[in-house]
Amino acid sequence: MRRVTLTQFLIEQQRAGRISADLRLLIEVVARAVKAISVNVSKGALAGVLGEAGTDNVQGEAQKKLDVIANEILLQANEWGGHLAAMASEEVEEVHQIPFDYPKGGYLLLFDPLDGSSNIDVNISVGTIFSVLRSPAEDNEPTEQNFLQPGREQVAAGYALYGPSTMLVLTVGKGVHGFTLDREMGSFVYTHPYMTVPVDTGEFAINASNARFWEPPVQRYVSELQQGKEGPRGRDFNMRWVASMVADVHRILTRGGIFMYPMDEKCRAKGGKLRLMYEANPMAMIIEQAGGAASTGRERILDVQPEKLHQRVPVILGSLNEVERVAAYHREE
Ligand code: AHM
Ligand code: MG
């Protein structure tokens with residue numbers, strides 16, 4: 001069987017006029033960084049990379065050693081290629097400028113270097129999420145303001161899943177494509193063309209320990225699912241919660257489902273739990289490109305006008321008909 005690698009896939013995308021040479025380079029560099037992160041994640045205790053780093057990030061959360069390592073790998077890999085105007089990371093407070101001795105390009109790269117940090121020490125899947133925007137900066141020094149574009153402006157988005165196998169899942173606005181890392185060859189192989197999310201599902205994902213803090217529309221929706229055959233939905237639903245968004249979203253891209261980290265009383269002051277620019281927007285673009293939907297409950301995630309880099313939002317995404325039902329329950333409140 002002919003094996004298509006990520007490199008070949010990207011060259012063909014460029015030839016078809018879907019991506020520029022710089023965007024191709026950008027994605028190649030992210031993929032290279034992801035391979036390095038994958039090596040570190042999989043070595044675990046052998047490389048002494050588990051546990052706390054002893055520092056807090058901008059959100060005031062304790063950083064794991066692997067959060068710091070993954071962040072460094074992504075920043076360093078992307079600094080010198082000449083394709084970026086600047087970067088922003090969930091782990092870094094300010095915009096990361098390209099060092100003055102390197103050339104600059106026209107793109108902004110945003111990432112959550114290691115998502116699902118609470119799963120690192122227990123050897124459960126974690127991931128990397130990234131988003132690409134065009135830089136509107138005239139001069140060469142993009143500001144936070146230049147990053148504050150709604151998610152519909154993304155030119156590419158993707159994630160890496162460090163699971164039993166390492167995968168890279170990508171969209172450049174023409175469907176969603178999955179690649180599996182061949183560890184012996186060191187290359188990503190195109191294994192999952194045009195991934196789609198079925199419009200209906202019998203599976204939901206939510207941290208049910210927060211049930212008493214949810215808003216009424218989400219309480220209503222989940223309670224109806226839990227009533228199964230005897231309830232208003234007339235059928236049984238199954239539940240899954242990995243607590244790594246990448247793994248939960250990947251399952252939904254593979255067999256459907258709805259993922260929710262909704263607004264609740266615990267995270268209301270912050271605006272939600274998940275980050276708009278590093279988690280919600282890239283995942284929303286991927287899910288929409290796969291035929292699903294992504295909403296805050298009140299509006300389409302990709303239409304949210306960001307007000308700050310580290311903004312948080314409620315997230316409800318996955319199979320179209322279920323996401324629309326949750327949004328409808330919000331409107332009825
Ligand atoms: P992180 O970026 O600090 O790892 O947090 C994001 C993660 C998501 O991957 C996951 O969906 C969620 O937090 C799990 O939260 P909880 O522990 O409340 O279930
Ligand atoms: Mg995260």
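Strands here are DSSP runs of E at least two residues long, numbered from the N terminus. With that in hand, we can place Leu114: it lies in strand 5, which covers residues 107–115. Keep in mind as we go that this is a predicted model. The protein chain averages a pLDDT of 95, and 99% of the residues score at least 70. The model as a whole scores ipTM 0.97 and pTM 0.96.

Let's stay with Leu114 for a moment. A residue counts as buried when 20 or more other C-beta atoms lie within 10 Å of its own. Leu114 has 32 such neighbours, so buried is the right word for it. Setting aside residues up to four places away in sequence, Leu114 touches Leu66, Asp67, Ala70, Val126 and Thr128.

Leu114 also turns up in a database record. The UniProt annotation "binding site", from an unreviewed entry, covers Glu90, Asp112 and Leu114. These residues span 25 residues in sequence, yet no two of their C-alpha atoms are more than 9.1 Å apart, so they gather at one spot. Glu90 sits in the loop between strand 3 (84–89) and strand 4 (96–97). Is Glu90 buried or exposed? It has 23 other C-beta atoms within 10 Å, so it is buried. Leaving out neighbours within four places in sequence, Glu90 is in contact with Asp112, Pro113, Arg275 and Tyr278. Asp112, then, is both a contact of Glu90 and a fellow member of the annotated site.

Now step back to the sheet that strand 5 belongs to. Eight strands form an open sheet in the order 4-3-5-6-7-8-9-10, with mixed pairing. Strand 4 and strand 10 are the edges, each pairing on one side only. Strands of a sheet pair through backbone hydrogen bonds, either parallel or antiparallel. Strand 3 and strand 5 are a parallel pair, joined over five bridges, and Met87 stands opposite Leu109 in strand 5.

Further along the sheet the sense of pairing is antiparallel. Strand 8 (residues 166–171) pairs that way with strand 9 (residues 177–182) over four bridges, and Leu168 has Phe179 of strand 9 as its bridge partner. The hairpin they make has five residues between the strands, and in it Gly173 takes a positive phi near 95°. Strand 9 then pairs, again in the antiparallel sense, with strand 10 (residues 187–192) over five bridges. Here Gly178 is bridged to His192 in strand 10. This hairpin has four residues between the strands, with Gly186 at a positive phi near 75°.

What about the interior? In soluble globular proteins, nonpolar side chains tend to be buried together. The largest nonpolar core in this model has 95 residues, and those with the most contacts inside it are Leu109, Met283 and Leu317. Helix 2 gives the most to this core, with 10 residues. We met Leu109 as the residue opposite Met87. As for Met283, beyond residues up to four places away in sequence, it touches Ile129, Met245, Val249, Ala294 and Leu317.

That brings us to helix 2 itself. Its buried residues include Leu23, Leu26, Val30, Val34, Ile37 and Val41, and Ser38 is also among them. At 1.5 Å a residue, the 23 residues of helix 2 (residues 21–43) should span 33 Å; the end C-alpha atoms are 34 Å apart, which agrees. Just after the helix, Gly44 takes a positive phi of about 50°.

How values were computed: Residues are numbered from 1 along each chain as its sequence is written. Chains are lettered from A and ligands numbered from 1 in the order in which they are written. This is a predicted model: local features need pLDDT of at least 70, side-chain atom pairs count only at pLDDT 80 or more; totals for chains, interfaces and linings use all residues. The expected span of a helix is 1.5 Å times one less than its number of residues. A residue is buried if 20 or more other C-beta atoms lie within 10 Å of its own, exposed if 12 or fewer, and partly exposed in between; C-beta atoms are placed from the backbone. A nonpolar core is a set of buried Ala, Val, Leu, Ile, Met, Phe, Trp, Tyr and Cys residues joined through C-beta atoms within 7 Å. Two residues are in contact if their C-beta atoms, placed from the backbone, lie within 7 Å. UniProt positions are given in the numbering used here, feature names are shortened, and annotations may be inferred rather than shown by experiment. pLDDT is the predictor's confidence in each residue, from 0 to 100. Two strands pair if DSSP finds at least two bridges between them.
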